[in-house]
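The exercises below are meant to be worked through with the sequence and the coordinates open side by side. Please attempt each task before turning to its solution.

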Amino acid sequence: MSELTPITPDSNSEASDRTAKTRQLLGMKGAAPGETSIWKIRLQLMKPITWIPLIWGVVCGAASSGNYTWTLENVLKAAACMLLSGPLLTGYTQTLNDFYDREIDAINEPYRPIPSGAISVPQVVSQIIFLFIAGISLSFVLDLWAGHEFPNVTVLAIFGSFIAFIYSAPPLKLKQNGWLGNYALGASYIALPWWAGHALFGELNWKIIVITLIYSWAGLGIAIVNDFKSVEGDRQLGLQSLPVMFGIDKAAWICVVMIDVFQGLIAAYLVSIHENLYAAILVLLIIPQITFQDMYFLRDPLKNDVKYQASAQPFLVLGMLVAGLALGHAGI
């Protein structure tokens, strides 16, 4: 009979420390200070965990174009667009946000690189400038590569960078307004990379723009989830996030209604264009999201926000791809 290895306090502590360091590197809640490598600190500022939805949005846009084929050139184009939407411009957005949020992070997340003193303000500014220039340059290369007469991807990159700036920076600082700021964030995570992927492989048109902007209201709900971790600091600094405006419980309900209803509207639209199979799959992907909302988020949004996101968001992003494939199949 084999013996089980005992779990000692030291082994628990080591496992906890590894988890905290991983969270720190990815830019997640529950991190710990102490990182000394400047490159890891710079990566932490860029919050790699937030790149995933943007990268996925490019995939959805390529699918909705109806023109994507599995050639080496198309794979390389898509990978370059993912680099643009994820590490470069999302990294720019997150670094910019940390720069302007350094006071509130000192209250909510003091382990973040700037309030912890792990990186200097001039170093942060240089990182913002580098990521912005690299992103705009790559977007221009993508337009040349795709043979665009009008630089669609470059315009989208500049527009997205501008939205990121006014979201974080005064005097507008859209994030001070719970509705406007969260919708800007939701649209940036769903619509913008979707438009870029679609424009790279097809012709971006008003129908795709409108449909993805509607879908972005579900993204607004996801953005609200992120507000629960900083509700105390938001109150102290007068930021009007939805949990501050409406209270924890009511904001949680607003969040889940936005997520579910607007996905449902997209499913209804797919039925209206006779893409019934895709609509049925999308509805089936909404059901587990509702289940996890009841199991985790609505019961304790402050405690279970990360657990809910990890459980439910894979179904939301799969639903985005289903919608993209349906639109591409219908030739929208």
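**Exercise 1.** Against which helices do the buried residues of H13 pack?

Solution. The model is a predicted one, in which local features need pLDDT of at least 70 and side-chain atom pairs count only at pLDDT 80 or more, whereas totals for chains, interfaces and linings use all residues. Residues are numbered from 1 along each chain as its sequence is written, and side-chain values use heavy atoms, with hydrogens and water left out.

Begin with the helix itself: H13 covers residues 276–297, where helices are DSSP runs of H or I with at least four residues, strands are runs of E with at least two, and both are numbered from the N terminus. Its 22 residues reach 30 Å from the first C-alpha to the last, close to the 32 Å expected at 1.5 Å a residue, the expected span being 1.5 Å times one less than the number of residues.

Next, pick out the residues that are buried (under 20% relative accessible area, with exposed meaning over 50% and partly exposed in between, for a 1.4 Å probe and protein chains only). In H13 these are Ala279, Leu282, Leu285, Ile286, Pro288, Gln289, Phe292, Gln293, Tyr296 and Phe297.

Finally, look for their contacts (heavy atoms within 4.5 Å): the buried residues of H13 pack against H9 (206–227), H12 (248–272) and H14 (301–330).

**Exercise 2.** Determine how H7 and H8 are oriented to one another, and describe the contact.

Solution. The axes, which are lines fitted to C-alpha atoms over the stretch in contact, with angles from 0 to 180 degrees between N-to-C directions, come within 10 Å and cross at roughly 170° for H7 (residues 152–168) and H8. H7 is therefore roughly antiparallel to H8, given that angles over 145 degrees count as roughly antiparallel, under 35 as roughly parallel, 65 to 115 as roughly perpendicular and the rest as oblique. The contact is made by residues including Leu156, Phe159 and Ile163 of H7 and Leu185, Leu192 and Trp195 of H8. The contact residues divide into 12 nonpolar, 4 polar and no charged, where Ala, Val, Leu, Ile, Met, Phe, Trp, Tyr, Cys and Pro count as nonpolar, Asp, Glu, Lys and Arg as charged, and the others, Gly among them, as polar.

**Exercise 3.** Carry out the analysis for H4 and H8.

Solution. The axes of H4 (residues 72–100) and H8 (residues 178–201) come within 11 Å and cross at roughly 150°, which means that H4 is roughly antiparallel to H8. Among the residues that make this contact are Lys77, Cys81 and Gln94 of H4, together with Tyr189, Pro193 and Phe201 of H8. By class, the residues of the H4 contact with H8 comprise 7 nonpolar, 5 polar and 1 charged.

**Exercise 4.** Which backbone features stand out at Pro171, Lys173 and His274?

Solution. Start with the loop between H7 and H8, where Pro171 lies; the peptide bond from Pro170 to Pro171 is cis, with omega near 10°. Lys173, found in the loop between H7 and H8, has a positive phi of about 40° although it is not a glycine, and its relative accessible area of 10% makes Lys173 buried. Then turn to the loop between H12 and H13, which holds His274. The phi of His274 is near 70°, a positive value in a residue other than glycine, and at 68% relative accessibility His274 counts as exposed.
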